[in-house]
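Please open the model in your viewer and keep the selection tool at hand, since the tour goes from one selection to the next.

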Amino acid sequence: MVDVLVTNGPMLIAIAAAFGFLMAWGIGANDVANAMGTSVGSNAITIKQAIIIAMIFEFAGAYLAGGEVTSTIRKGIIDSAYFVDSPELLVYGMISALLAAGIWLIAASALGWPVSTTHSIIGAIVGFAAVGVGTDAVEWGKVAGIVGSWVVTPAISGFIAFTIFQSVQKLIFDTEDPLENAKRYVPFYMALAGFVMSLVTIKKGLKHIGLHFSGFEAYALAVGVAILVGIGGMIAIKRLKMSKSADRQTQFGNVEKVFAILMVVTACCMAFAHGSNDVANAIGPLAAVVSVVNSGGEIGAKAPLVWWILPLGAVGIVMGLAIFGKRVMKTIGKNITHLTPSRGFAAELAAASTVVIASGTGLPISTTQTLVGAVLGVGMARGIAAINIGVVRNIVVSWVITLPAGAALSIMFFFMIKGIFN
């Protein structure tokens, strides 16, 4: 059946490109909105500013650090050996997975549900492989690990966010002189943010552009960045004109302004790291289709990227956020719990810390679930009454149905595409 690929190759690549763009659009509408939601919800930046920041840093992350080569099959979820004799099935499957995941992400974004783009594409790939090829083609152990991460990931980030926010409360807000203590301790929080964010960028982004650091080098570089950020923060805070004689409420407002500056920096770093990492959810299957078609049916473990694939993914992500990202931003930033810049900072730093822990331990992770867990942790620090339980319930339900929804749509599209071309 390789002749099917030769005959219909250009058409299959064009269809895959269109659906890859749709998937990237969905990532922008849903996942990028997650990363920016805390900054917008805490009023550190406006939605317009968030879109501009995300457009610049997501595009930079996706285009500059999105990778020269991508795994043909994302996360090793299916065994490519089952497709050697019929490579056209892998092509049909990846096209159907892109369409299925893209449609699900856009539907979830319309409802304001923050779901996992990684789990959407994985559910879609598992669906077509299990039904279209055979259940043995799926690495079920990997799938079980992903399901387990639904509980583990939010729990870790929630605990870290709870701890960070409690420390901010005790060291700054609950003291006699919150302004003076903010000047004393905030540079340390800035240094910690610099350390974690530079680690996220080094581990998630720079490896794609040929900059490979050993564990020691990565941590040494991150420590250097942390020291510079801490010193820079100390100088910047000293220059801020804030009256010590102001009442406590005004002092709290001034302290929140300091955290708001910090949130802009963390939002930029998260956007860059997210763009470099999650663009693979859209371009991985697309690269696989292009590679298999161009090689006449040969399936490699890695697929080199054709020049137009990365820009396609980067533009799709940016357009999805700009046109369709507001609803998910509102869910994360305003509907779960009331966020201020200090609370939003605690949530964002906790999410980034969890990403670092996960990349170091190989834990399958969803940035969405990490951030939602972190926002919940901040809410819990103020008591269960501070959390909108109804919104949380809807989010958890959307997580649970993401895998089967992606799988069901993918199976349907797989048989339709197979029927058209075979």
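Is Val 315 buried, partly exposed or exposed? In this predicted model, select Val 315 in helix H9: its relative accessibility is 36%, and because partly exposed covers the range between under 20% for buried and over 50% for exposed, Val 315 counts as partly exposed.

Next, keep Val 315 selected and add Phe 59, Tyr 63, Leu 64, Met 319 and Ile 323, which together with Val 315 form a nonpolar patch on the surface, with about 530 Å² of accessible area together. Colouring by element of secondary structure helps here, as helix H2 (47-65) and helix H9 (309-324) are the elements that give two or more residues to this nonpolar patch.

For a contrasting stop, move to Ser 96, which lies in helix H3, residues 87-110. Ser 96 has a relative accessible area of 0% and is therefore buried. Show its surroundings, leaving aside residues up to four places away in sequence, and Ser 96 is seen to touch Phe 128, Ser 410, Phe 413, Phe 414 and Ile 417.

Finally, turn to the empty space inside the model, where there are 2 cavities of 30 Å³ or more, and where the largest cavity holds about 130 Å³ of space. To find the largest cavity, select Met 270, Ala 273, His 274, Val 355 and Thr 367, which, of the 15 residues that line it, lie nearest its centre. At least two lining residues each come from helix H1 (2-41), helix H6 (178-204), helix H8 (248-294), helix H11 (341-361) and helix H12 (367-381), with H8 supplying the largest share, 5 residues.

Terms used
Residues are numbered from 1 along each chain as its sequence is written. This is a predicted model: local features need pLDDT of at least 70, side-chain atom pairs count only at pLDDT 80 or more; totals for chains, interfaces and linings use all residues. Side-chain values use heavy atoms; hydrogens and water are left out. Patches are made of residues with over 30% relative accessible area and no salt bridge: like charges are joined within 9 Å, nonpolar side chains (Val, Leu, Ile, Met, Phe, Trp, Tyr) within 5 Å. Accessible areas come from the Shrake-Rupley method with a 1.4 Å probe; for residues, only the protein chains shown count as cover. A salt bridge is a side-chain nitrogen of Lys or Arg within 4 Å of a carboxyl oxygen of Asp or Glu. Helices (H or I, at least four residues) and strands (E, at least two) are DSSP runs, numbered from the N terminus. Buried means under 20% relative accessible area, exposed over 50%, partly exposed in between (1.4 Å probe, protein chains only). Contact means heavy atoms within 4.5 Å. On a 1 Å grid over the protein atoms alone, a cavity is a set of points where a 1.4 Å probe fits but cannot get out, and a pocket is an open set with protein on both sides within 12 Å along at least five of seven lines; lining residues have an atom within 4 Å of a point. Grid points are joined across faces, edges and corners, and a volume is the space filled by probe spheres set on the points.
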